[in-house]
Structures are given as structure tokens and as C-alpha cells.
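Reader: I have a model open in my viewer and I'd like to learn how to read it. Can you walk me through a few features?

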Amino acid sequence: MRTRPLAYCVMTLLLVLMWSSPAASAPASRFNDPQPHRGGAEYRVTFLGETRACTSGFAMRRVEDGKRAISTAGHCAPSGTEATSGQYRFGTFVRSFADDVVDAALISGTPNRPQEYAPTLWTDGGAPSTPVARRVLGKADGPVVGQKVCVSGKVTKLVCDIEVYNLTSGVSCDEEPGHLCTRGLVLAGKEGVNIVHSGDSGAPVFVPIDTVIDGHKVYGAMLVGMLVGGGPRFEGGPEDLVVFHSVKQIECGLNARVLTGTEADSGDTRPPPGREDCGAGVGR
């Protein structure tokens, strides 16, 4: 758990709880996410004697081998931790970072227990007309100041009209001894609204895109980042601030590239090119 009651250094979101598995007949949902796994899904991990729940981000392809994986927050679990979603295996933390530059991780299958991940985001639970899921149609390296974005976490589900305030001033600090802080995050907020809660860490941050493809309406998403944390603007006030990594930071930090719907449909399994603009201390 991370916390610090300052406007630009806010709580990261990590749920720690005792858990019981759903019945085997439970329907597919963000709380019981089968293959191919989606972003915005709840997953659970157990380590150091505790069961914790966080949210998946978005599907990616690893630069070294083209293998699919899914992003999440690094503070949710260390590398080697197994993850499940409801009755389904979700994957293994194959790399996880929670330091001053990157708070991000990749979950993927293993040779003995393969997993598939889709360029789709769970978005149920928002406005009455909100679709159950959105397809990742594209990505941007990050948002721009003044832009309105959405977050889709497993607790608060879909929350939109969150305004981007600053691209680099967001900071997330660990409350454990050492008080490690991840800096350089995007800072955004929505007045008087609880945007996120514990357990939403790792959720996708995106801009909705509704379009028509081959005569069919498609509910799409343009990815701009991945949630790291959230907290009050003022001590004792509403939880109306969030901090998140930009897409560029995630791609650089995890040495992986976002998987879009078009790329998935192409069937191309070749490794994607690595980024050449990550800068010192960012690329892994």
C-alpha cells in the first residue's frame, strides 16, 4: 500500500482481502475473466501470506519474442507471482517494477500454462448506455493537458470526464519503510468525485472512440495510460485525484508494445520493434 496526503503525491491503490472463489458456473465478467483475458479485469494474487486484488491494464506484445501479455501496476505483486481471475488462471508476473521511475508489471502465460490476452477493455458499470467492453482501436504516447479521459477499474468501474492537469508532476509514494516514490506521472482529477478506490491499481486510462467498421458500430478506446494511484486533493477531502503512467512510459518501462485490435486481427506474431526514444533510466 502506498500513501501520502499531498496533492501531487497520492495513494496507490491495492486491495488486500480474504477471498473465496466463485462457483464454477459463474458467467464471464470483469470479476471472472476467461481467456482471452481483457484489460479492466479483476485479478488476485497471494504472496507474503496475503491475498490482494488489482486491475489489469491492456494487452501488449513483448519486444524480445512477440509473446502477448497484459500490463498492470508493479506494486501489486513481485515477479514470479501467480494471478487468477475468479475461477480462471490469469497468468504469471513475468516482470515487475516498483521504483522511482516505473510502477508497472507484465502478466503472461508460461510454456506449461499458456494464456491469451485480447485488445479489449471491460467498461461495464458506467452510465446506463455504457457498453460492456471497448475494443482498443489505437494508442497515444500520452494525453495532453486539458484532455478528458476515462478510467475503468474493478472497484469503481468506468469513470469518465477526468481532466488531465499536468503531464509530469504526479508522484506516488510507498507508506512502507523506505517510502519509495515513483515520479514523473500524469496528474488528473475530477472535482468532488471518488474516481478510484483500493483495487483499481493497473486499470486502463483511455479516451472513448465510437466508430463504424464494415457497417457495424464499434465501441472503441484510444489508450493514453495506466493507473498507478489516486488520493484526495486536500486532506480529508474527496478522492478526486489520480496519477498514471503514460503509454510511452509503460512501453519503455516494460519493453513491450500495446496490442491494438487491428494488429491482433492481422495474425502477425513477429516481435514488435522496440522504442528508440525511451531515454536513460526508462528502457528495461
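Author: Let's go from the overall picture to a hairpin, the disulfides and one aspartate. This is a predicted model: local features need pLDDT of at least 70, side-chain atom pairs count only at pLDDT 80 or more, and totals for chains, interfaces and linings use all residues. Residues are numbered from 1 along each chain as its sequence is written, and side-chain values use heavy atoms, with hydrogens and water left out.

Reader: How many helices and strands does the protein chain have?

Author: Helices (H or I, at least four residues) and strands (E, at least two) are DSSP runs, numbered from the N terminus. Here the protein chain has two helices and 19 strands.

Reader: What share of the 284 residues counts as buried?

Author: Buried means under 20% relative accessible area, exposed over 50%, and partly exposed in between (1.4 Å probe, protein chains only). In this chain, 53% of the 284 residues are buried. Strand β5 (residues 50-55) has five of its six residues buried, so the rest of the structure largely encloses it.

Reader: Which strand does β5 run antiparallel to?

Author: Two strands pair if DSSP finds at least two bridges between them. Strand β4 (residues 42-47) and β5 are antiparallel and joined by six bridges, with Arg44 opposite Ala53. They make a hairpin with two residues in between, and Leu48 in the turn has a positive phi of about 55 degrees.

Reader: How many disulfides are there?

Author: A disulfide is a pair of cysteine sulfur atoms within 2.5 Å. The count is four. One of them joins Cys54 and Cys76, with sulfur atoms 2.1 Å apart. Cys54 sits in β5 and Cys76 in the loop between β7 (68-72) and β8 (82-85), so the bond ties together parts 22 residues apart in sequence.

Reader: Is that disulfide left-handed or right-handed?

Author: Look at the torsion about the S-S bond: for Cys54 and Cys76 the angle is about -95 degrees, so this disulfide is left-handed. For Cys150 and Cys160 the torsion is about 110 degrees, so that one is right-handed.

Reader: What is Asp268 in contact with, neighbours within four places aside?

Author: Contact means heavy atoms within 4.5 Å. Leaving those neighbours out, Asp268 touches Arg61 and Glu263. Asp268 lies in the segment after α2 (261-266) and is partly exposed at 31% relative accessibility. A polar atom of the Asp268 side chain is 2.9 Å from the backbone nitrogen of Arg270.

Notes. A polar contact is a pair of N or O atoms within 3.5 Å; within protein, one must be able to donate a hydrogen and the other to accept it, and residues adjacent in sequence count only if both atoms are side-chain atoms.
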